[in-house]
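Trainee: Please take a close look at the interior of this model, starting from how the chain packs and keeping the outside for context. I would like one connected account, with the cut-offs stated.

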Amino acid sequence: MEQSVPAVRSLPVCRRICYAVGHFLNDLCASMWFTYLLVYLHAVLGFQSSYAGVMLLIGQIADGVCTPLVGYGSDRRPGSLRHGKRKSWHALGTVCVLLTFPFIFIPCLACTATTPQWIQILYYSPFIIIFQFGWAATQISHLSLIPELVSSECAKVELTAYRYAFTVVANITVYGVAWLLFHFQAHVDSAITDNLGPGDIPLFRMLAFIMLGIGTLFSLIFHIGTKEKKSGTVRENRLLTSSPLQEPLPGPVFEWKNWLKEPSFYQVAFLYMCTRLTVNLSQAYVSLYLTNSLMLPKNFIAIIPLVMYISGFMSSLIMKPLSKLVGISATYLVGLLLVFGFAIWVIVDKNLGANGIYGAAVLLGAGSAIILVMSLSMTASLIGEQTQSGAFVYGLMSFTDKVANGVGVVLIQSIRPCSTEACCPDCVWFYRDVMATVTGGVGLAAAACLCTLFSWPIRMRKYQGLHTCP
């Protein structure tokens, strides 16, 4: 017997789809969390800007701490019952999300009108922490399956694109249902205004419950249709019977500490963090930008994100052929240029309104989709055949992005001119500057990191396990 790599792994289309929908519940909840939490706390519940930022920071820190721990545990712990180790963690995370997420978009059940807001933060914190643990467990276990289910770089890019396509569908679902709820609300109750307020509490509550129902269905499809290979020990996974179709394994098995010695790990981690900052912060502040800076009716907080994700879905259809033609890094650069186009547009066009915002939204949506998928593909390329420690890699990278997002939100909230939900004249263009900074400014940092990848491509000093597209 000798060390050898497994034969090429691939999936039929139906199995790819079953895998891709496994993150649908997470995507639905994340869409509401990033797009609507701040505006819900500000305009609906009346939280001060600093308190709203603290609540989001609690969630991001909890998620950031949980992701590497879940990744480490997912790599080490065996599966339970008939599930492999990845699907076992996925099931645990799904249950945690289902039990806690609704309470985040329901007013404090034990509070009155005179209850201090810091008391309400204490009430919400356990629900947020457990939700974020569940979200992290689902995310890391789902991502870690990619290099286990398929082996070639093309297949990893394609499976990541499938996954992101359903992420886009999830976001479209959230914004589509939100638009319908706003539409029906306006026809049922003529007293409801175009501005957000306490009267919109039932709408957000209903939206949360609908998303959980849809997400549960797709999670069942994932668990039924995705077959995870039962995991054994590291030696059992790597020592296979010699075969003419197999090639000797060119390097040792990586443990978590080996990753910390690889320069490429830090390159990809920094780029992933910048990508997530751009995508998540722009998503978190687009609603406030639309309502406070552009003074658009509240139904636009459903329409414009919907346009963004439809353009993102369309761009996901060209990612595989484009990345095969010019490479992953060059495709990332294309997406980054689209994001820069959005940042320049919102700064230069002083009269951007209900019509012009659609074009800007298309640029941001398509660019965000491309850079996110390509950064995930780079991570899968980095892991290569070292799937036994893949969850740790995803977990540590997610840790940096979660904490960075949380700190970013708190900093933005702390410099907001007004501390209450009311919007003063100084706030009008504050959120425009925020949108330009988190796309253009963070995008420049991503571009600098991308330059290092062009000069020093992803390669492991101790392990060469990367494959090229046929």
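Mentor: Among the contacts in the chain with a separation of 6 or more, 86% join residues 24 or more positions apart; contact here means heavy atoms within 4.5 Å. The model is predicted, so local features need a pLDDT of at least 70 and side-chain atom pairs a pLDDT of 80 or more, while totals for chains, interfaces and linings use all residues. Residues are numbered from 1 along each chain as its sequence is written, and side-chain values use heavy atoms, with hydrogens and water left out.

The secondary structure consists of 17 helices and two strands. These are DSSP runs numbered from the N terminus, with helices (H or I) of at least four residues and strands (E) of at least two. Of the 470 residues, 59% are buried, where buried means under 20% relative accessible area, exposed over 50% and partly exposed in between (1.4 Å probe, protein chains only). The accessible surface amounts to about 18,700 Å², and carbon and sulfur atoms account for 69% of that area. The areas come from the Shrake-Rupley method with a 1.4 Å probe, and for residues only the protein chains shown count as cover.

Now the empty space inside. Searching the whole structure gives five cavities of 30 Å³ or more. A cavity is a set of points, on a 1 Å grid over the protein atoms alone, where a 1.4 Å probe fits but cannot get out; lining residues have an atom within 4 Å of a point. Grid points are joined across faces, edges and corners, and the volume is the space filled by probe spheres set on the points. The largest cavity has a volume of about 220 Å³. Its lining comprises 18 residues, and those nearest the centre are Asp 27, Ala 30, Thr 167, Arg 276 and Leu 372. Four elements each give two or more residues to that lining: helix H2 (24-44), helix H7 (153-188), helix H11 (263-293) and helix H15 (356-383).

Leu 372 leads from the cavity to Tyr 164, since Leu 372 is one of the residues nearest the cavity centre and is also among those that Tyr 164 touches. Tyr 164 sits in helix H7 and is buried because its relative accessibility is 6%. Leaving out residues up to four places away in sequence, the other partners of Tyr 164 are Tyr 309, Gly 312, Ser 316, Ser 368, Ala 369 and Val 373. The C-alpha atoms of Tyr 164 and Leu 376 are 9.7 Å apart, although 212 residues separate the two along the chain.

Met 314 belongs to helix H12. At 48% relative accessibility, Met 314 counts as partly exposed. Its C-alpha atom is 9.6 Å from that of Gly 365, a residue 51 positions away along the chain.

Another buried site involves Gln 132, in helix H5 (residues 117-144). Gln 132 is classed as buried because its relative accessible area is 2%. Apart from neighbours within four places in sequence, Gln 132 contacts Trp 33, Gly 59, Gln 60, Ala 62 and Asp 63.

Charged pairs come next. The whole structure yields two salt bridges, each defined by a side-chain nitrogen of Lys or Arg within 4 Å of a carboxyl oxygen of Asp or Glu. In one of them, Lys 298 pairs with Asp 200, with 2.9 Å between the closest N and O atoms. This pair links distant parts of the chain, 98 residues apart: Lys 298 is in the loop between H11 and helix H12 (300-316), and Asp 200 is in the loop between H7 and helix H8 (201-225). Both partners are buried, Lys 298 with a relative accessible area of 6% and Asp 200 at 2%. The other bridge joins the side chains of Arg 432 and Asp 433 at 3.1 Å, N to O. Here Arg 432 is buried at 12%, whereas Asp 433 is partly exposed at 34%.

The loop between H11 and H12 also holds Met 295. Met 295 is not a glycine, yet its phi is positive, at about 55°. Unlike the buried Lys 298 of that loop, Met 295 is exposed, because its relative accessibility is 52%.

Definitions and conventions
On a 1 Å grid over the protein atoms alone, a cavity is a set of points where a 1.4 Å probe fits but cannot get out, and a pocket is an open set with protein on both sides within 12 Å along at least five of seven lines; lining residues have an atom within 4 Å of a point.
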